[in-house]
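Student: I would like to go through some of the labels used for this structure. Can we take them one at a time?

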Amino acid sequence: CFEEHDEDDLPTQALWLAPAAPRSWFAAGRRFGFRDLPTSCGQASLEVVSGADEVRFHVTLARPTLCELFYFDRGGHRRSERRGLGAGQTEVVLPR
């Protein structure tokens, strides 16, 4: 997890989830994550579950937060998608 900052190094209140996770962590059948990580947006938890055709992000946030979800597509290229996620648990499914 990485807290995004603007050009003045001030927090933007956006979280980057799994930006530095290596490609191998996204192999089909793998899972990884963290629990109750303190951030400027409140506590955050993440579980990423990779399948052959999709990557599932299970995100738990203390309050609504803009998140950028990073993953690898089927061709091994790093991709990301920005989404506003609500407080509580949210599942985001992204195609490989």
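**Labels and their cut-offs**

Tutor: In this predicted model, Arg74 and Asp53 form a salt bridge, with their closest N and O atoms 2.6 Å apart. Arg74 sits in the loop between strand E6 and E7, and Asp53 in the loop between E4 and strand E5.

Student: What makes the pair Arg74 and Asp53 a salt bridge?

Tutor: The definition asks for a side-chain nitrogen of Lys or Arg within 4 Å of a carboxyl oxygen of Asp or Glu. The closest N and O atoms of Arg74 and Asp53 are 2.6 Å apart, so the pair qualifies.

Student: Why is Arg74 called exposed?

Tutor: Exposed means over 50% relative accessible area. Arg74 has 56%, so the label applies. Asp53, at 51%, is exposed as well.

Student: Why is Thr39 called buried?

Tutor: Its relative accessible area is 14%, and buried means under 20%, so Thr39 is buried. Thr39 lies in the loop between strand E3 and strand E4.

Student: And why is Thr90 called partly exposed?

Tutor: Partly exposed covers what lies between the cut-offs of 20% and 50%. Thr90 has 21%, so it belongs there. Thr90 is in strand E8.

Student: How do you know that Glu4 and Arg82 meet in a salt bridge?

Tutor: Their N to O distance is 3.0 Å and the cut-off is 4 Å, so the pair counts. Glu4 lies in strand E1 and Arg82 in strand E7, so the salt bridge ties together parts 78 residues apart in sequence.

Notes
Residues are numbered from 1 along each chain as its sequence is written. This is a predicted model: local features need pLDDT of at least 70, side-chain atom pairs count only at pLDDT 80 or more; totals for chains, interfaces and linings use all residues. Side-chain values use heavy atoms; hydrogens and water are left out. Helices (H or I, at least four residues) and strands (E, at least two) are DSSP runs, numbered from the N terminus. Buried means under 20% relative accessible area, exposed over 50%, partly exposed in between (1.4 Å probe, protein chains only).
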